[in-house]
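Grab a pencil and open the viewer. Here are some short exercises to work through, each followed by a solution in steps.

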Amino acid sequence: MFLLNVLGAGRVGKTLAKTLKIAGWKIGIVANRTIESSKSAVKFIGEGKPTTTNFAESPRGILLICLPDDELENLNTILKNWSLRGLESIIHTSGAISSRVFDKVTNLSKNIGKASLHPIRAFADPEKNFSKIEKTYFGIEGNEKGIQTALKIVDSLKGIPVNIPSELKPLYHLSAVFASNFLVGLFWIADVLYSRCEMPESVSKEIIISLMNSSLENLSELEPKKALTGPVARRDWNLIKSERETLKSEVPEFISFFDEGIKLLKKLSGGINYGYKQDSSI
Ligand SMILES: NC(=O)c1ccc[n+]([C@@H]2O[C@H](COP(=O)([O-])OP(=O)(O)OC[C@H]3O[C@@H](n4cnc5c(N)ncnc54)[C@H](OP(=O)(O)O)[C@@H]3O)[C@@H](O)[C@H]2O)c1
């Protein structure tokens, strides 16, 4: 049986810990900023000792760190009251930061496993997410021992591991920002525009999700250039001009995004090569 400790049991930490507990892992300490938050996380996970980094603790086994990315730079200070020599591996879940951030933590043993294990999925609500981890891809990098520990976690979560070169993590994470975070922003813009057309919220939500799904289905079968539909793909430049005027008068705060979006789609449909492999014919 594996022992997991969690520092930063928020959206990702709670979800992974609960899923691993169900898969048979033992949960040790669970630490958030406040003891109240740690207790609430333990209640959700179903096991663990609630604590904070103000108390002296000696976690053994694996320490999974799911803190906000900016906090990873302060790890040496955050962990100063804990004795970490008995740990087998220390792992964090950031997408953009590599396991090299652990080199700044001074109270680790020399042979500890160090890795980053980035679940490539959007975790918004632990209650809804914890049962949906199966088949999630996990970007992994670290030292040999850390990678072996990360693989054990992925195996228990029934996920799919992908190796990421440590030095490319910031670039690798940008892809998720565009694919996941910007999609939510695009949904919001579309929703605001439908609401200006007096569309009821429940109907607009269904329409936008169905429209997004149809584009995603096309993308799963076609390269982006062929999956593109709409005025830019049809070269309806007069329509684009008049739609720009409508947007400018109705919701001017979206105009710069629209202009950049049209420029981007013109490049895509015109086939400018950004090193994207499916553009090699252009
Ligand atoms: N959310 C996602 O979709 C997603 C997906 C993949 C990877 N990630 C990565 O996973 C990591 C965590 O993201 P998240 O979305 O789960 O963040 P989150 O929901 O904001 O959770 C962060 C947790 O860290 C705790 N915390 C913050 N500062 C702390 C400190 N100084 N000492 C102790 N605990 C502290 C917070 O505790 P309190 O409740 O007490 O404030 C909270 O429970 C990030 O590196 C992120 O890039 C996120």
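## Exercise 1: around the ligand

In this predicted model, 25 residues surround the ligand, and the closest are Gly8, Gly10, Asn32, Arg33 and Ser37. Your task: work out which helices and strands each supply at least two residues of the shell, and what the shell is made of by class.

*Solution.* Start with the elements. Helix H1 (11–22), helix H3 (69–72) and strand E6 (113–119) each bring at least two residues to the shell around the ligand. Next, rank them: H1 gives the most, with 3 residues. Finally, sort the shell by class, and you get 10 nonpolar, 11 polar and 4 charged residues.

## Exercise 2: walking across the strands

Take strand E5 (residues 87–92) and find which strands it pairs with, and in what sense.

*Solution.* Step one is the E4 side. Strand E4 (residues 61–65) pairs with E5 in the parallel sense over 5 bridges, and Gly61 has Leu87 as its bridge partner in E5. Step two is the E6 side, where E5 and E6 pair, again in the parallel sense, over 4 bridges. For landmarks here, Ser89 stands opposite Gly113 in E6, while His92 stands opposite Ser116. Step three is to check how covered E5 is: 5 of its 6 residues are buried.

Now carry on to E6: what does it join to, and which way do its residues point?

*Solution.* First, the pairing. E6 and strand E7 (residues 137–142) run antiparallel and are joined by 5 bridges. Ser116 shows up again here, with Glu141 as its bridge partner in E7. Then split the residues by direction. Gly113, Ala115, Leu117 and Pro119 point one way from E6, and Lys114, Ser116 and His118 point the other way. Both sets are buried, which fits the count for the strand, 7 of 7.

## Exercise 3: into the core

Find the residues with the most contacts inside the largest nonpolar core, then list what Leu64 touches beyond its sequence neighbours.

*Solution.* The largest nonpolar core has 43 residues, and Val30 and Leu64 have the most contacts inside it. Pick Leu64 and leave aside its neighbours within four places in sequence. What remains is Leu4, Asn5, Val6, Gly13, Leu16 and Ile91.

## Exercise 4: two odd phi values

Most residues other than glycine have a negative phi. Lys158 and Glu198 have positive values, so place each one and decide whether it is buried or exposed.

*Solution.* Take Lys158 first, with phi near 60 degrees. Lys158 sits in the loop between helix H6 (144–156) and strand E8 (160–163). The cut-off for exposed is 12 or fewer C-beta neighbours within 10 Å; Lys158 has 12, so it counts as exposed. Now do Glu198, whose phi is about 65 degrees. Glu198 lies in the loop between helix H7 (169–196) and helix H8 (201–221). With 7 other C-beta atoms within 10 Å, Glu198 is exposed too.

## Exercise 5: two domains

Describe how domain 1 and domain 2 are laid out and what their contact takes from each.

*Solution.* The domain assignment gives domain 1 (3–164) and domain 2 (171–279). Their centres, taken over C-alpha atoms, are separated by 36 Å. The contact takes 6 residues from domain 1 and 4 residues from domain 2. On the domain 1 side, the class split is 4 nonpolar, 2 polar and no charged residues.

Methods: Residues numbered from 1 in each chain as written. Predicted model: local features only at pLDDT ≥ 70, side-chain atom pairs only at ≥ 80, totals over all residues. Buried ≥ 20, exposed ≤ 12 C-beta atoms within 10 Å, placed from the backbone. Core = buried A, V, L, I, M, F, W, Y, C linked by C-beta atoms within 7 Å. Contact = placed C-beta atoms within 7 Å. Near = placed C-beta within 6 Å. Nonpolar A, V, L, I, M, F, W, Y, C, P; charged D, E, K, R; others polar. Pairing = 2+ DSSP bridges. Domains from an automatic or database assignment.
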